[in-house]
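Me: Could you zoom in on one side chain for me, then work outward to the helices around it? I'd like the numbers along with the picture, and please keep it relaxed.

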Amino acid sequence: MKSTALSVVFGSVALTAGVLCHHYAPGLGLVLMPMFWPLAVLSALVPARYSVTTAVIVPFVSFALTGMPALPFIVAAKFAFFTLGCAWLMRRVKRLKVEG
């Protein structure tokens, strides 16, 4: 239940960040990539199946509401691989032992 709630919250943040960035700073979204950051944080907090599912859903919801991104299938695939990589990296980092 906690993972689902976090997925909804961070998915909403990704949608809002994308809309705000493209509305107030046209063209800057390609540089800042505002939808990637909430999805990266989400992939560190929840299991990979939740973060990847959220990453696939977010571009289609954004396209339905705003018409952006123009090619939601490509963006959804890109987000899915990105969050899967982030989730894998976080699991690897958690296994490392820090000696001090």
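Reply: Let's start with Trp88, which sits in helix α5. Keep in mind that this is a predicted model. Is Trp88 buried or exposed? Its relative accessible area is 56%, and the cut-off for exposed is over 50%, so Trp88 counts as exposed. As for where that puts Trp88 relative to another part of the chain, take Val19: the two are 69 residues apart in sequence, and their C-alpha atoms are 28 Å apart in space. To put that distance in context, the C-alpha trace of the chain spans about 45 × 30 × 20 Å along its principal axes.

Now for the rest of the fold. The chain has five helices and zero strands, so if you read from the N terminus on, you simply get α-α-α-α-α. Of its 100 residues, 33% count as buried. Helix α5, the one with Trp88, covers residues 72-95.

On the way back from α5 to α4 there is a loop, and Pro69 lies in it. This is a spot to check if you are setting up torsions: the peptide bond joining Met68 and Pro69 is cis, with omega at about 0°. Most peptide bonds are trans, and most residues other than glycine have a negative phi. The second half of that remark has its own exception here, Met33, whose phi is positive, near 45°. Met33 is in the loop between α2 and α3, and at 36% relative accessibility this residue is partly exposed.

What about the helix packing? Two packed helices are described by the angle between their axes and the distance between the axes. Take α3 (36-45) and α4 (48-66): they pack at an angle of about 160°, with their axes 8 Å apart. Since an angle over 145 degrees counts as roughly antiparallel, that is how α3 and α4 run relative to each other. The crossing of α3 past α4 is right-handed.

Helix α4 also has α1 (residues 2-24) as a partner, and here the axes come within 9 Å and cross at roughly 40°. That angle makes α1 oblique to α4. The handedness of this crossing is right-handed too, with α1 passing α4.

Staying with α1, Leu20 is found in this helix. Leu20 is partly exposed, at 43% relative accessible area. Follow Leu20 across to Pro34 and you find the two 14 residues apart in sequence but 9.0 Å apart in space, C-alpha to C-alpha.

Just before Met33 in the numbering comes Leu32, which belongs to the short run called α2 (residues 29-32). Leu32 is partly exposed, with a relative accessible area of 43%. Leu32 also helps to build a nonpolar surface patch of about 420 Å², made together with Leu28, Leu30 and Val31.

So, back to where we began: Trp88 in α5 is an exposed side chain, in a chain with five helices and zero strands.

Note on methods. Residues numbered from 1 in each chain as written. Predicted model: local features only at pLDDT ≥ 70, side-chain atom pairs only at ≥ 80, totals over all residues. Heavy atoms only, no water. Patch = residues over 30% accessible without salt bridge, like charges linked within 9 Å, V, L, I, M, F, W, Y side chains within 5 Å. Areas by Shrake-Rupley, 256 points an atom, 1.4 Å probe, with all protein chains shown as cover. Salt bridge = Lys/Arg side-chain N within 4 Å of Asp/Glu carboxyl O. Helix = DSSP H or I, 4+ residues; strand = E, 2+ residues; numbered from the N terminus. Buried < 20%, exposed > 50% of the residue type's maximum accessible area, 1.4 Å probe, protein only. Axes fitted to C-alpha atoms, helices over the stretch in contact; angles between N-to-C directions. Parallel < 35°, antiparallel > 145°, perpendicular 65-115°, else oblique. Left-handed = near helix turned anticlockwise from the far one by under 90°.
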